[in-house]
Every structure is written in C-alpha cells, then in structure tokens.
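The following report deals with how chains meet, how selected helices pack, and where enclosed or open space is left. It is meant to be read beside the coordinates.

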Amino acid sequence: MSEFFAMGGYGLYVWGSFGAMALLMVAEVIIVRQQRHDMLTRLRRMERQRTAPPVSPEKESGK
Amino acid sequence: MLDIFRTLLWRDITLAMRSRADLVANLFFFIIVVSLFPLGIGPEMATLRLIAPGVVWVAALLASMLALERIFAADYEDGTLEQMLLTPQPLALLILAKVAAHWLVTGVPLVLIAPVLGLQYNLSGEMLQVLIVTLLLGTPSLSLIGAIGAALTLGLRGGGVLNALLVMPLTIPVLIFGAGAVEATASGLGGIGHLYLLGAILLAALFFAPLAAAAALRISAE
Amino acid sequence: MLEVVNLECQRGDRCLFSELSFTLQRGELIHLHGHNGSGKTTLLRALCGLILPTSGEIRWQGSAIDSLREEFAANVTYIGHKGAIKGGLTALENLQIASRLDGFAITEEHAWRALERIGLRGFEDLPTRVLSQGQKRRVALARLLVNRAPLWVLDEPFVALDRAAVGLLQGVIADHVANAGMVMLTTHQEVSLTTGEVRQLQLGVGALGHA
Amino acid sequence: MNSRLINWFKLSSPATFYPFAGRMVPWFSWIAIILLVIALYLSFFVAPTDYKQGEGYRIIFIHVPVAWMSMFIYVIMAGWAAVGLVYNTRLSAMMSEALAPTGAMFAFLSLWTGALWGKPMWGTWWVWDARLTSSLILLFLYIGFIALKSAIEDPRRADRAGAILLLVGVINIPIIYFSVRWWNTLHQGATIKMSGQTSMDETMLIAMLIMTFAVWAYTIAVVLLRVRTIILERERDTTWVRTLLQEGNRR
C-alpha cells in the first residue's frame, strides 16, 4: 500500500495536485452551503422584524 | 459629423495644454521608470541592450494606464459627460475624439522621448527606429483599450488600480508584439511581422474599443 | 410629443415611483413637484434617456426613445444640477462648444450677444472657474438662448440665480413654450406662462404617481 | 409559440428558476461524485505507467480537464453576459456572477497542477510555457471581473458593467492565447511541450474525459447552489421570496 502512496517517487507532486484539487472543491462546497445558510437566516430575521407587531409605542406605518 | 469630432478634439487638447501639470507628471513617470532599471540591474551595456525593448514598453504601458484614469473622470464630475451622452452624434465617435486627444497629449510625448531614453540602453540606430514605430503603432491601442477600462470604472473608489487590473490582460498582445518587434530586429530576424500584427490590433481596437467604451459609459454615467 | 406609459424607476432596491403615465404636448410646460428623494431628478434623467427605467416606456413622436437614441437626443436639451461647463475654458468657448455639440453651431458674435443677454457682460472671456456660482449657472443656462431643441428638461434651473436672472429665465422659458416648445422642469419657485397654464405633476405620495 | 419556447422563457425569471435549480443540485452532485470516483479509479489503477515519466504524469488527469474547464467557464460567463445585455434578463447576470469564483478556482488549480507537474520534469516550479502563461492571464481576467463586480454597489450597474467586461475579455482570449503561444515559441522554440509527448494510451483518454464530465457536473451543482443564494439576496423584496421566508419562519 505504501508504494502506492510513493507513486514511484513522485508522491509529493501527484498527491500535491490531487490533494489541492480535492481540498479546493470540498472547501468551495462548504463555503457555498455556508453562504446560503447565512443568507437564509439573515433574510428570515429581517422578515420576522418586518411582519412582527411593532413592540415600540409609536406606530410603524406599514407599507 | 467630422465637425463634432474636431470640436471635442480641440476642446480636450486646449484643456490639457492649459493644465500642463498632469501632462508633465505622466512624462516624468515614464522617464523615471525607464531610468531606474539600469540602476537596479547594473551598468554593463550587454544586458541593458537585451532588456531595453521590454523595459521601455512596460514603462509606456504603465504611463498610459496612469494617464487614462482621468480621461472621463473630469467630464463626469463637471457634468459635460451627460451632455456628451445627449448629443445627436454617436457616442463612439465622441469617445474616439477624446481618446485621440488623450493619445496626442500623453502618447506622442512618450514616443518622442523614447529614443533619448534608448541611448541610455545603448540601442543601435536601427533598433531605435523600430522602437519608435512600435510605440507609434502600439500606444494608440493602449489608449483605446484603456478607455474601456476607464469607462467601466468611472466614479469607483480605487478606480485607477482597478482600471489597470481590468485592462492589463487585454494589453498583453500589444506589449508582446511591441517589445518583440524591437528584439526581432536586434536578432536579425526582422520585426516586420510584428508590425503588421500591431497594425491589425490597432485597427481592431479603433473599431471595437469606442463601441465597448460607449456602452460602458452609458451604464456608468447613469 | 413626449409620451410616458406606466414608467417605473428604482434607486438601489428602493422603488421611487411606478405606474407613472403622462404626455407632454407642444406648447405645454409641466412643473414637477415632489419631496426630496421622491425621484424627481431620476424621472427627468430617465426622460432624456440618461437612465434606463426598470419598466415602462418613453415614446417620442410615437417611437421608443432608446430605439431613436441620437435622433431623440437632437431634440432634447437637459440642464441638470451640474453645470456642464469646463472650468478651464472661457464662458465664450464653453457656449460655442456646447451649442456645437448640441448640433446648432453658432457664430462667435451670436455667442457674445447671448452671454450679454444672460448678464455676463465683461466676463465673457474669463476662464469660468474664476466666476461666481451664480455666474457659472448663467453660463450653463446661456445655452437655452441659442438652442433650438423643442424639448427642454430642466432640473432646478433657478437655483443660485439672483432675482434679475430668475426673471430673465422665466421669460426665456415662457417664450420657448409660446412658440410650440415643450418644457419639463423642477423648481421650488412659482412658474408663470404667457400662453396656457402650467400643468402640475406630483411625485411621491400624490395624485398621479404613487410610491 | 410552441410550449418548449414558452417554458424556456418562463424559466428565465428568477422566481421559476429558483425551485428548478433546487431540484437539479442533488442530481448533478451525485453524477459528479460517481464520475469522479470512476475517473480516479481509472487514473490510478487502470492507466499504465508512463515509460519516461513514471507515475508523475498522472497529474495530467486533472491538469488538462481543469485547464479546459477554466477556459470553458469563462466562455459560458460571456454567453450569459451577452444574453443578459440583449434580453435585459436579470437572471443571466446572476449566472455569470455565480460562475466566476468556480472559474477562478479552476484557473488557479490549472496553474497549481501545471507547476507541480513541471517541477519533476524540468526542475522548476514555473515554466513560461504558452498554456501555463495563458492560464495565468485567464486568472487575471477572472480576478478583474470579480473585482469590478464587487467595486460597484448598484447591482444593476454591476451586472451590465461586468457583462461588457466579459464580452471584451472573451474576444481577446484567442488573441492573447495566439500572442502568448507565438511569444513562447519565438523565445524557447517548441522544445518544451506540455502534454504532447506522452502518447495518448486508450485508457488515459477515457480517464481524462470522465474526469472532465465529473468536473462539469461538479461545476453545475456548485454554481446552481450559489446562484440560488444570489437570487435570494437580489430578490429579497419580492413577494415570492418573502412568502418563502415566512414559511421558513413558521416551520
């Protein structure tokens, strides 16, 4: 098994390339999902503020 | 049609002549950049001769990028740009006039001073001639392509650097053929092929760049 | 004849006005009202084709202005907040260049008379950057004296003008409307016409357009 | 008008595209994973060792597909830009914006894998080879596009300015590639060839093709996911987004 990782002496370069690709692709998926999650929570919070009855005494003129 | 081209050309040239400050600044930027390299690389003439075309050309490219940022900014700030959008003439023609004025005021001085700087690099007479021809053919393309970037980045913070970043990849062919022509003559291959290509790029830029810049300007001036 | 059909414009993601429709015939003047930020300037700039509206259409003599583009531009004169004059040039040069760009080349002698009429006697050949704010406005407005475009779109034309200049400009506008011109302007002053009455258009919460 | 044309046009409105993209993402994700596994298996266990370069050449199985992809994504972005400018549809500009980061990543990856492949073969991390240099310039084009979009606040202006930059850029790509290749051969001659000399064994070609499709499926999945976030942000004031959010709040 170890000779597989050695890659005939080119291990550093081969795994450096494949590793970088795997790392970047996984990172991108995580970042995109995280962005989506943050966007949804932010927009939902804004939505809750907009539709919730105003707590402060002065009447907020609804659009 | 031509009357309006001449009017705008005359207007921009007189304006530039009346405020010489940034003209001179731009020329000195070019001179400084070219003169710094020998100090950085060393005095022996053999290497200097080798790097001369590349150095002069990169300096010319940077100098024209530096000068281009102001091409639309002044008009945008005082409202004349809006009036340009509302003339009965095609906007591309007006942009061509402005770029022509800009090139005459910033590009041509570079071409005139380049041979003098070439002496610092011990360039042969023939190489100097080709250098001048490539600059004459190349700097208008730099101004035309740079005008697209200037139109896109109008009124943005850090517009100057952004403009250089946007436009740099597009000017690489001009740089390659410009510097390449001088080097080819030096090595005896003859730079005539390069000059044709530079001419072709110039013609393409003359036609497409004003159209793209006009579209970009309509959006930025909104 | 200018025709606007349920026009809508947005600034950023705020809708300034929507479903705005009106027409402007020859010999008419529309005085546009609206509180600050109600989109007056945006509407004026959209009418000239400087801004692309989010939806709706603007038609000149029946065809949409963005298909006419240069042809429409020949018929419009727009004077906005910025004076559109070059500080480095003299008032005379500014006027001559501006009118030539508008497509009505004028002789130098004609320009002298216009500048004199607008009250810039003695300042004609000074670089405009040395003039006062009011004088710069007069240089910008001098274009209206030499201009033959039927449609005038003026954004706060009376600002920074003294009473004499305001009176003069009122007269110029009234004359333009009198001989079949069309004007649309915003101002906080009263506008009077010699022929016909001024039509009012309210932006923001009001009759025609609604927020 | 036949129905296909109608629903194509209907699809171009963000409101209908959002759920459609949502359904597509899982499909393309699975396709990408499966193809990736097959391609990796082929690249490591089926493709023979190269007589000259030994195992090092296997980097080609990702370097070439990634380089293709970075070029191809830029062209697709320019296509969406053209559609956006002609039909004035907001969705196309969002697609260009969603594609940009992935394209930039692949451009960087093609440089990275190119350098790692070059090191064992020529002993240097960076070689001014025509293709590597073009990838570098392409990366600058991506960075320029992303920088321009983020420098402009008003989304409408950002979309249209970005679209023009893309169109100007895509016209220049062939010119840049030609001038760089021409410049490269002039100085170094054609001695150094990137991938030519390893004769293309049957299985190598298949492995590379499958990897390309895998990367394609991956791109579609990630970009559709990202464009949904962009749509949400851009259309946050519309009724359909707000109802969507309210359902989320109630749950």
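Among the four pairs of chains that touch in this predicted model, chains A and D share the most contacts. Chain A does not touch chain B, and the nearest C-alpha atoms of these two chains are 25 Å apart. Chains A and C are likewise joined by no contact, although their closest C-alpha atoms lie 9 Å apart.

**Helix packing in chain D**

Helix H3 of chain D, residues 60-87, packs with helix H5 of chain D, residues 130-151, at an angle of about 40°, and their axes are 11 Å apart. That angle makes H3(D) oblique to H5(D), and the crossing of the two helices is left-handed. On the side of H3(D), the contact is formed by D:His63, D:Ser70, D:Met71, D:Ile73, D:Tyr74 and D:Met77, which meet D:Leu132, D:Leu138, D:Leu141, D:Tyr142 and D:Phe145 of H5(D). By class, this contact of H3(D) with H5(D) holds nine nonpolar and two polar residues, with no charged residue.

Helix H4 of chain D, residues 90-122, and helix H7 of chain D, residues 202-234, cross at roughly 135°, and their axes come within 8 Å. H4(D) and H7(D) are therefore oblique to each other, and their crossing is right-handed. H4(D) brings to the contact residues including D:Leu91, D:Met94, D:Glu97, D:Pro101 and D:Phe106, while those from H7(D) include D:Val215, D:Tyr218, D:Val222, D:Arg226 and D:Arg234. The residues of the contact of H4(D) with H7(D) divide into 15 nonpolar, two polar and three charged.

**Helix packing in chain B**

In chain B, helix H1, residues 2-18, and helix H6, residues 91-120, pack at an angle of about 35° with their axes 8 Å apart. H1(B) passes H6(B) in a right-handed crossing. Among the residues that make the contact are B:Ile4, B:Phe5, B:Arg11 and B:Asp12 of H1(B), together with B:Leu93, B:Lys98, B:Leu104 and B:Val105 of H6(B). By class, the contact of H1(B) with H6(B) has 14 nonpolar residues, no polar ones and three charged ones.

**Cavities and the second largest pocket**

Rolling a probe the size of a water molecule over the atoms shows where empty space is left. A search of the whole structure finds five cavities of 30 Å³ or more, and the table sets out two of them beside the second largest pocket.

| Space | Volume | Lining by class |
|---|---|---|
| Largest cavity | about 170 Å³ | nine nonpolar, four polar, four charged residues |
| Second largest cavity | about 60 Å³ | seven nonpolar, one polar, no charged residues |
| Second largest pocket | about 890 Å³ | 24 nonpolar, seven polar, two charged residues |

The largest cavity is lined by 17 residues, of which B:Thr80, C:Ala84, C:Asn94, C:Ile97 and C:Ala98 lie nearest its centre. Two or more lining residues come from each of helix H5 (80-85) of chain B, helix H4 (91-102) of chain C and helix H6 (133-146) of chain C. Of these, H4(C) gives the most to the lining of the largest cavity, with six residues.

The second largest cavity is lined by D:Met71, D:Ser134, D:Ile137, D:Leu138, D:Leu141, D:Ile173, D:Ile176 and D:Tyr177. The elements of chain D that supply two or more residues to this lining are H5 and helix H6 (155-188), and H5(D) gives the most, with four residues. D:Met71, D:Leu138 and D:Leu141, which are among the residues lining this cavity, are also among those through which H3(D) and H5(D) meet.

The second largest pocket has a lining of 33 residues, and B:Gly54, B:Val58, B:Leu175, B:Ile176 and B:Ala179 are the ones that lie nearest its centre. Helix H3 (45-68) and helix H8 (159-186) of chain B, together with H5 and H6 of chain D, each give two or more residues to the lining of this pocket. The largest share of the lining, twelve residues, comes from H8(B). H5 and H6 of chain D thus contribute two or more residues to the lining of the second largest pocket and to that of the second largest cavity.

Conventions. Residues are numbered from 1 along each chain as its sequence is written. Chains are lettered from A and ligands numbered from 1 in the order in which they are written. This is a predicted model: local features need pLDDT of at least 70, side-chain atom pairs count only at pLDDT 80 or more; totals for chains, interfaces and linings use all residues. Side-chain values use heavy atoms; hydrogens and water are left out. Axes are lines fitted to C-alpha atoms, for helices over the stretch in contact, and angles run from 0 to 180 degrees between N-to-C directions. Angles under 35 degrees count as roughly parallel, over 145 as roughly antiparallel, 65 to 115 as roughly perpendicular and the rest as oblique. A crossing is left-handed if the near helix is turned anticlockwise from the far one by less than a right angle, and right-handed if clockwise. Contact means heavy atoms within 4.5 Å. Ala, Val, Leu, Ile, Met, Phe, Trp, Tyr, Cys and Pro count as nonpolar, Asp, Glu, Lys and Arg as charged, and the others, Gly among them, as polar. On a 1 Å grid over the protein atoms alone, a cavity is a set of points where a 1.4 Å probe fits but cannot get out, and a pocket is an open set with protein on both sides within 12 Å along at least five of seven lines; lining residues have an atom within 4 Å of a point. Grid points are joined across faces, edges and corners, and a volume is the space filled by probe spheres set on the points.
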